[in-house]
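Here are my notes on the structure, set out as numbered points. Please read them alongside the sequence and the coordinates.

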Amino acid sequence: MQALFSHRLAVPLVIAALVVALSFALPSSFYLRVAALVWISALAVIGLNLLMGYAGQVSLGHAGFFGLGAYAVAVLPAQFSLHPLLAALAGALVCGLIAFAVGRPILKLKGHYLAVATLGFGILIAMAISNESWLTGGPDGMPVSRMTLFGWRVRGAETWYWITGGLLVVGAWIAVNLVASPTGRALRALHDSEVAARVAGIDVARYKVRVFVISAVYASVAGSSLALVNGFVTPETANFLHSIELVTMVVVGGMGSILGSVAGAAILVVLPQLLTTFHEYEHMLLGLMMMVIMIVLRSGIVPSLAALFQRRRK
Amino acid sequence: MSILSVQDIGIAFGGVRAVDNVSFSAETGQVFSIIGPNGAGKTTLFNLVSGVYQPKSGQVRLDGEAVTALEPNRLAERGLSRTFQNLQVFFRMTARENVMVGRHLKESRGLLAHLLALPSTLRQNRESAEIADTLLSRVGLADYADTLASSMPYGALKRLEIARALAAEPKVLLLDEPAAGCNPVETEEIEKLIRTIADDGVAVVLVEHDMKLVMRSSDRVLVLDQGRVLAEGKGAEIRSNPKVIEAYLGTHGTREANLALN
Ligand SMILES: Nc1ncnc2c1ncn2[C@@H]1O[C@H](COP(=O)(O)OP(=O)(O)O)[C@@H](O)[C@H]1O
Ligand SMILES: [Mg+2]
């Protein structure tokens with residue numbers, strides 16, 4: 001049993017099972033839509049968790065990559081009649097290249113300095129998206145044309161539920177592969193002791209850039225998916241608040257936990273929906289619940305519950 | 001030619017010359033010890049040799065090549081490894097994973113293969129884990145393989161660092177107070193371990209306060225005081241050197257050193 005849980009593939013399989021099970025349990029297309037939004041956020045959060053939870057490097061600008069991915073599938077098909085899939089690929093490529101270029105100077109910084117630098121980077125991208133209205137529609141956003149695959153128009157809550165759920169499972173699978181590989185060990189090592197990692201032969205600067213690029217690509221793919229599901233993009237996808245939201249999902253779900261990334265995304269997407277019945281108290285309640293979660297489960301939902309469960313069994 | 005040779009190396013912190021024109025060389029298969037009072041500059045010397053600090057003056061040659069001020073990871077590629085006086089352990093990883101990190105340079109590092117968990121990567125993981133387990137047994141930590149480093153006792157962590165350093169198959173190994181905080185049994189195990197490491201063809205450079213351990217395992221001893229070389233020679237010469245007795249050994253240390261050698 002223990003061996004089963006600690007197997008590399010346990011987490012992506014659990015997520016796959018969750019996606020399948022929920023598809024039966026959810027009563028209407030409204031719920032399927034909310035679930036699809038959870039899968040999309042979870043994908044971005046897994047990428048950010050690789051950077052934050054495993055490698056120990058913070059980014060307060062990740063919505064910038066998310067926004068670029070979203071606008072790639074809005075702008076490129078509209079301007080150059082590129083297929084949305086190719087547009088998403090181009091978005092991911094551009095995000096990877098940008099992350100590579102800014103990663104080297106930025107990731108030399110540590111702690112609060114890194115936080116402020118990534119914050120600035122995110123704001124820069126959000127501003128660019130807002131200001132270039134001839135291309136992006138400015139603050140009003142722009143529509144995203146429907147994707148056609150082999151002559152079939154991709155539409156409907158259920159279709160997107162399965163597509164985004166599939167993407168999430170693949171994203172989780174790649175993440176657990178990475179974590180269990182020599183690269184993953186190098187990232188976790190430099191998190192705990194940079195000097196010991198360097199002495200062990202790890203090119204710390206290069207590995208930080210690598211994981212930054214990977215996490216940027218996750219965010220971009222998630223952004224592209226959201227744009228396609230919504231059929232519309234707004235500059236809010238790229239803004240500072242969204243960056244903070246992604247970081248919050250990582251921390252609430254659990255740093256260094258792939259399953260936690262899904263839990264964190266689920267809580268922060270679903271709770272606001274549930275709390276709308278409380279009208280003006282909605283945001284207060286959300287804030288209060290986040291505080292309580294962090295006080296009670298201080299290493300995040302999944303790691304804290306896992307520790308509790310293990311102590312019980314002993 | 002010596003595998004490691006250090007020439008007139010020095011560094012100052014805010015005007016204080018922590019290491020001042022120090023030269024020494026270490027030989028393959030031998031244990032070269034550096035002793036001296038606290039604050040003498042022993043750890044700083046290790047930081048200079050391993051590339052953690054940039055020297056203000058002097059040169060380091062490793063295996064005939066000039067390697068002064070190279071990054072620690074570049075030095076690791078050339079066969080230099082070390083442990084730390086103040087533990088630098090990967091606390092969120094298990095003992096086995098800590099040692100596996102030491103295999104980094106010997107592992108295949110293709111990112112795509114890692115992301116897709118290609119068979120080559122899985123094979124690599126298994127191989128590194130096996131080597132790590134062998135090394136953990138060698139330093140007496142086989143029982144801790146699956147334990148998180150954060151829940152291991154201090155003495156075990158000291159040996160974990162040695163296992164991690166050995167995983168890189170170094171030509172030169174710098175050990176900074178490996179027996180500090182260890183009980184007599186553990187210290188004796190570390191002494192045996194150091195001897196076998198040297199016998200396997202590694203040049204061991206040892207910083208240690210335990211005079212018994214130093215005198216019994218060293219081929220040569222260098223004494224540092226206030227950043228400078230006070231004396232260098234065989235253990236027997238060092239323990240009877242009046243300058244060394246005055247600056248460091250005192251009467252107690254001399255008695256220990258004598259007991260160890262007799
Ligand atoms: N990074 C640093 N900044 C300022 N002073 C330092 C630094 N590293 C070491 N020193 C100083 O250098 C001297 C030698 O220290 P150290 O090498 O740790 O001695 P030892 O290892 O022999 O006990 C001490 O006076 C210490 O305070
Ligand atoms: Mg020291």
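1. In which helix do B:E77 and B:R74 lie, and how many residues apart are they? Both belong to helix α2 of chain B, which covers residues 72–77, and they sit three residues apart, about one turn of the helix. Their side chains form a salt bridge, with the closest N and O atoms 2.9 Å apart. Please keep in mind throughout that this is a predicted model, and that the count over all chains comes to 23 salt bridges.

2. Chain B also contains an open sheet of four strands, in the order β2-β1-β4-β5, with antiparallel pairing. The strands β2 (16–26) and β5 (65–66) of chain B stand at the edges and have a single partner strand each, so one side of each is left without a neighbour in the sheet. As general background, strands of a sheet pair through backbone hydrogen bonds, in either a parallel or an antiparallel manner.

3. Within that sheet, strand β1 of chain B (residues 4–13) is joined by five bridges to strand β4 of chain B (residues 57–62), and the two run antiparallel. For a point of orientation on the display, B:L4 can be found opposite B:L62 in β4(B). Helix α1 of chain B, residues 42–49, lies across β1, β2 and β4 of chain B, and it runs at about 115° to β1(B).

4. Turning to the contact between the chains, 28 residues from chain A and 36 residues from chain B take part. About 2,700 Å² is buried between chain A and chain B, and 60% of this is on carbon and sulfur atoms. Of the area that chain A buries against chain B, 24% is supplied by A:R185, A:R198 and A:V199, which is more than any other three residues supply.

5. The interface also has polar and charged pairings: twelve residue pairs are in polar contact across chain A and chain B, counting pairs with both residues at pLDDT 80 or more, and five salt bridges are counted between the two chains. One salt bridge brings together the side chains of A:R185 and B:E107, at 2.8 Å from N to O, and A:R185 is also one of the three residues named above for buried area.

6. On the side of chain A that touches chain B, the helices α8 (157–179), α9 (182–192), α10 (194–199) and α11 (204–230) of chain A each supply at least two residues. The largest share, eight residues, comes from α9(A). Sorted by class, this side of chain A has 15 nonpolar, six polar and seven charged residues.

Conventions: Residues numbered from 1 in each chain as written. Chains lettered and ligands numbered in written order. Predicted model: local features only at pLDDT ≥ 70, side-chain atom pairs only at ≥ 80, totals over all residues. Heavy atoms only, no water. Pairing = 2+ DSSP bridges. Contact = heavy atoms within 4.5 Å. Axes fitted to C-alpha atoms, helices over the stretch in contact; angles between N-to-C directions. Buried area = accessible area lost by both parts, 1.4 Å probe. Salt bridge = Lys/Arg side-chain N within 4 Å of Asp/Glu carboxyl O. Polar contact = N/O pair within 3.5 Å; in protein donor to acceptor, adjacent residues only side chain to side chain. Nonpolar A, V, L, I, M, F, W, Y, C, P; charged D, E, K, R; others polar.
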